[in-house]
Amino acid sequence: MKQDFFTKDREFYKSFFSMMIVVALQNLVAYSVNMADNIMLGSYSQEALSGAATVNQIFFMVQQIALSIGNALVVLASQYWGEKRIEPIRRLTGIALKLGILCSMVIIVVCALLPVPLLRIFTDSPQIIAQGKDYLFLLQWSFGLFILTNVLMAALRSVGIVKISFYISVISLIVNVGINYTLIFGRFGFPEMGIKGAAVGTLAARILEFVIVLIYIMTADKKLNLFSWDLFTADIGLRRDYTKVYLPIMCSQILWGLSVPMQTAILGHLSEDAIAANSVATTFYQYLKVIVLAMSSTSSVVIGNAIGRGDRECVKAEARTLSVIDVAIGILLGAALVILRRPLLSLYSLTQGATEMALHLLVIMGVVMVGMSYQMPVSFGIIQGGGDTGFTMKMNMISTWLIVMPFSFMAAFWWKLPVEAVVLVIQSDQIFKGLPTFIRFRSYKWIKKLTN
């Protein structure tokens with residue numbers, strides 16, 4: 001029986017929007033943690049802020065590793081959940097946890113043995129390196145906890161459990177901000193520790209996140225029963241399936257992650273007004289981007305579950321519905337960014353030149369937001385979530401490293417285009433990737449049954 005173009009299943013809409021809202025709120029709170037750190041360290045000293053920002057470049061790459069391990073788990077586990085098969089999900093979680101432990105050990109050893117060479121990749125300033133080294137000394141221990149916590153939350157997300165992730169993010173924000181305020185500035189009788197205090201706050205928050213998710217899984221989770229005898233049972237077939245899914249996702253995340261600091265470096269060589277304008281515009285853009293990331297994450301789970309249930313026509317109808325929802329939300333987000341640009345900029349004390357430039361950049365970001373709201377949830381959420389991990393890797397490799405990066409360097413340093421044009425070139429992949437994404441989406445070749 002042929003399905004309608006859109007799905008009429010009310011449970012689908014209820015499940016998608018309830019999960020998306022919770023994930024978006026979680027992303028928003030997590031982003032606010034970094035913002036709070038920057039604000040407090042910025043008011044303490046510029047060197048402390050720069051040192052933390054440099055270490056956060058390392059954490060950004062750790063984040064890409066954590067996302068790749070977790071997203072690969074979701075792609076497979078969500079299909080098994082659609083089949084209502086729990087045992088493979090537990091074993092896949094064990095495989096992802098073992099990979100997470102291995103990656104964590106390598107990262108911690110590298111950070112412990114080579115802190116200065118790592119920091120010198122991003123800065124030559126002795127003062128910033130000294131501050132960054134103090135920050136990294138404690139923060140490196142949080143990297144492993146972050147990876148393992150994200151793996152466990154990915155396992156829960158694959159079966160529709162997302163509220164615990166939001167609660168954990170809120171608690172983490174409160175603990176991190178409270179300890180940071182106390183130890184950075186030496187409040188309530190505690191010593192003034194500066195950047196070391198910020199590291200203590202972040203590490204404490206990561207420990208608490210990990211402990212809470214462990215307690216939840218052991219005491220409250222009724223779906224997965226993760227910590228049973230078969231969590232770490234060897235399964236060559238599942239390990240092979242996970243590896244096939246993980247490698248393209250990991251390559252895609254790492255290659256994209258490496259491009260971000262390079263794009264920041266391009267803009268960092270422009271005028272002071274350009275740096276300030278881009279920083280402000282990007283801040284608002286990133287706050288709205290959390291909704292797009294939530295759409296991607298939720299779409300991956302929804303589509304994986306649908307494929308697991310085995311109704312191909314239902315998968316197509318739900319995917320078409322999601323793609324239209326993505327465009328509609330993107331238009332709303334883009335319009336909000338453009339309409340509210342003047343009230344938002346009134347919150348900042350910028351020069352006249354920086355203000356005018358920021359107004360132009362927010363219009364550009366509004367247009368980019370519409371393109372990103374389609375291509376990212378469809379490519380990363382629907383297509384990758386449907387089992388086609390190779391397409392997204394190839395598209396991102398070609399678009400980022402063969403188109404965007406070369407043309408961005410030429411636009412900034414060779415053609416010396418206006419700042420607005422340089423930003424448009426840097427962000428252009430969010431628009432032109434929409435065409436190959438649409439063509440692949442409409443082929444439905446991305447629907448791949450990965451369970452065995």
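The bend of a helix at a residue is the angle between axes fitted to the seven residues ending there and the seven starting there. Taken in that sense, α9 bends by about 30° at Leu-288. The structure described here is a predicted model, and the report begins with this helix before turning to the empty spaces, the cysteines and some individual residues.

## Helix α9

Helix α9 covers residues 272–309. Its 38 residues, at 1.5 Å a residue, should span 56 Å, and the end C-alpha atoms are 55 Å apart, which agrees with that expectation. The agreement stands alongside the bend of about 30° at Leu-288. As for its surroundings, 27 of the 38 residues of α9 are buried, so the helix is largely enclosed by the rest of the structure. After α9 comes Gly-310, which has a positive phi near 90°.

## The second largest pocket

Helix α9 also takes part in the lining of the second largest pocket, to which α1 (10–44), α2 (46–82) and α9 each supply at least two residues. The space in this pocket amounts to about 300 Å³. Of the 16 residues that line the pocket, Ser-15, Trp-81, Val-302, Asn-305 and Arg-309 lie nearest its centre. The helix that gives the most to this lining is α1, with 5 residues. Divided by class, the lining of the second largest pocket consists of 7 nonpolar, 4 polar and 5 charged residues.

## The cavity

Counting cavities of 30 Å³ or more gives 1, and the space in the largest cavity is about 80 Å³. Helices α1 and α2 appear here again, since α1, α2, α5 (126–158) and α7 (195–219) each supply at least two residues of the lining of the largest cavity. Among the residues that line this cavity are Asp-37, Asn-56, Phe-59, Tyr-135, Asn-176 and Arg-206. By class, the lining of the largest cavity holds 4 nonpolar, 5 polar and 2 charged residues.

## Cysteines

The number of disulfides in the model is 0. For Cys-251 the reason can be stated directly: a disulfide requires a pair of cysteine sulfur atoms within 2.5 Å, whereas the sulfur of Cys-251 is 13 Å from the closest cysteine sulfur, that of Cys-103, and this is too far for a bond. Cys-251 is partly exposed, having a relative accessible area of 29%. Cys-314, at 16% relative accessibility, counts as buried because the limit for that class is under 20%.

## Positive phi outside glycine

Most residues other than glycine have a negative phi. Against that background, two residues of the model deserve mention. Lys-84 has a positive phi near 60°, and its place is the loop between α2 and α3 (87–113). Tyr-444, although not a glycine, likewise has a positive phi, of about 60°, and is found in the segment after α16 (434–443). Are these residues buried or exposed? Lys-84 counts as exposed, at 57% relative accessibility, while Tyr-444, at 9% relative accessibility, counts as buried.

## Separations along the chain and in space

Three pairs of residues relate separation along the chain to the distance between C-alpha atoms, and the table sets them out.

| Pair | Residues apart along the chain | C-alpha separation |
|---|---|---|
| Glu-192 and Leu-214 | 22 residues | 33 Å |
| Gln-375 and Ile-249 | 126 residues | 16 Å |
| Leu-417 and Arg-442 | 25 residues | 37 Å |

One member of each pair can be placed in its setting. Glu-192 belongs to the loop between α6 (163–185) and α7, and with a relative accessible area of 53% this residue is exposed. Gln-375 lies within helix α12, which covers residues 352–385, and at 0% relative accessibility Gln-375 counts as buried. Leu-417 is part of the loop between α13 (389–414) and α14 (419–427), where its relative accessible area of 35% makes Leu-417 partly exposed.

Definitions and conventions. Residues are numbered from 1 along each chain as its sequence is written. This is a predicted model: local features need pLDDT of at least 70, side-chain atom pairs count only at pLDDT 80 or more; totals for chains, interfaces and linings use all residues. Side-chain values use heavy atoms; hydrogens and water are left out. On a 1 Å grid over the protein atoms alone, a cavity is a set of points where a 1.4 Å probe fits but cannot get out, and a pocket is an open set with protein on both sides within 12 Å along at least five of seven lines; lining residues have an atom within 4 Å of a point. Grid points are joined across faces, edges and corners, and a volume is the space filled by probe spheres set on the points. Helices (H or I, at least four residues) and strands (E, at least two) are DSSP runs, numbered from the N terminus. Ala, Val, Leu, Ile, Met, Phe, Trp, Tyr, Cys and Pro count as nonpolar, Asp, Glu, Lys and Arg as charged, and the others, Gly among them, as polar. Buried means under 20% relative accessible area, exposed over 50%, partly exposed in between (1.4 Å probe, protein chains only). The expected span of a helix is 1.5 Å times one less than its number of residues.
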